[in-house]
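Please look at the sequence and the fold below before reading on. The text then goes through the structure part by part.

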Amino acid sequence: MPSPPQTLCGTVISAGKMMKTVKVRTTKQVYNSFLRKHFTAHQSHLVSDPNSSLREGDVVRIAPGWRASKHIRHVVTEIVAPWGPALEERPPVPSMEALADERRAKHEAKRERSLAARQRAEPSDGHGRDEGPTLKQRHTDVIGGPEVVGGEERVVLEKEMEVR
């Protein structure tokens with residue numbers, strides 16, 4: 001079964017050293033025009049493994065997902081060829097839909113907590129402001145002029161007050 005172009009196939013070269021993360025090495029052929037020959041180029045990716053179901057030596061298919069941390073940008077989509085314990089003995093690899101649903105649920109829970117915290121911190125008047133004079137009121141009290149605030153008009157009003 002051919003995979004879509006955005007997915008990569010690689011071998012797990014490091015597992016069990018980081019929490020829910022494995023290192024996968026992918027290979028591709030690179031042509032050297034001077035030597036007129038193809039060479040194998042390797043690239044390593046840090047991949048999110050939410051259930052810690054991968055072992056070193058597994059051949060896996062990875063896809064770019066959301067950014068889990070600074071360096072982790074891929075997610076395991078399936079185990080192509082297991083190495084070591086059988087697939088039945090390991091935790092299952094979650095599908096992309098399941099990961100997206102889990103992410104949405106976490107985001108919604110965080111949003112609800114944030115709204116609840118805002119409501120607790122909100123003052124009693126309901127406008128989200130402290131009881132006190134506004135900027136216009138403070139400006140009028142200090143200068144004694146009209147309710148004009150800002151820029152050149154304020155400078156003109158202050159100069160008028162100095163002249164009086």
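The paragraphs below deal with the strands, the loops, a surface patch and a pocket, in that order.

The model is a predicted one. A good place to begin is strand β4, which covers residues 59-64. Strand β4 pairs with strand β1, residues 8-18, and the two run in the antiparallel sense, with four bridges between them. Within this pairing, C9 stands opposite R61 of β4. Strand β4 also pairs with β5, again antiparallel, and here the bridges number six. One bridge of that pairing can be placed by its residues: P64 has H74 in β5 as its partner.

A general point about strands helps when looking at side chains. In a regular strand, side chains point alternately to one face of the sheet and to the other.

R61 appears again when the side chains are considered. Its side chain forms a salt bridge with that of E78, at 2.6 Å from N to O. Because E78 belongs to strand β5 and R61 to strand β4, this contact ties together parts that lie 17 residues apart in sequence. The structure has four salt bridges in total, counting a side-chain nitrogen of Lys or Arg within 4 Å of a carboxyl oxygen of Asp or Glu.

Next come the loops between strands. K20 sits in the loop that links β1 and β2. K20 has a positive phi, near 55°, though it is a residue other than glycine. S52, in the loop between β3 and β4, is not a glycine either, and its phi is positive too, at about 50°.

The loop between β2 (21-32) and β3 (37-48) contains L35. Together with F34 and F39, L35 makes a nonpolar patch of about 360 Å² on the surface.

The last feature is the largest pocket, with a volume of about 480 Å³. Two elements each give two or more residues to its lining: β5 (72-81) and α1 (96-121). Which residues lie nearest the centre of the largest pocket? They are S48, W66, E102, R103 and K106, out of 15 residues that line the pocket. Helix α1 supplies the largest share of the lining, five residues. Sorted by class, the lining of the largest pocket holds seven nonpolar residues, four polar ones and four charged ones.

Strand β5 thus comes up in more than one part of this account. It is joined to β4 by six bridges, it holds E78 of the salt bridge with R61, and it gives residues to the lining of the largest pocket.

Conventions
Residues are numbered from 1 along each chain as its sequence is written. This is a predicted model: local features need pLDDT of at least 70, side-chain atom pairs count only at pLDDT 80 or more; totals for chains, interfaces and linings use all residues. Side-chain values use heavy atoms; hydrogens and water are left out. Patches are made of residues with over 30% relative accessible area and no salt bridge: like charges are joined within 9 Å, nonpolar side chains (Val, Leu, Ile, Met, Phe, Trp, Tyr) within 5 Å. Accessible areas come from the Shrake-Rupley method with a 1.4 Å probe; for residues, only the protein chains shown count as cover. On a 1 Å grid over the protein atoms alone, a cavity is a set of points where a 1.4 Å probe fits but cannot get out, and a pocket is an open set with protein on both sides within 12 Å along at least five of seven lines; lining residues have an atom within 4 Å of a point. Grid points are joined across faces, edges and corners, and a volume is the space filled by probe spheres set on the points. Ala, Val, Leu, Ile, Met, Phe, Trp, Tyr, Cys and Pro count as nonpolar, Asp, Glu, Lys and Arg as charged, and the others, Gly among them, as polar. Two strands pair if DSSP finds at least two bridges between them.
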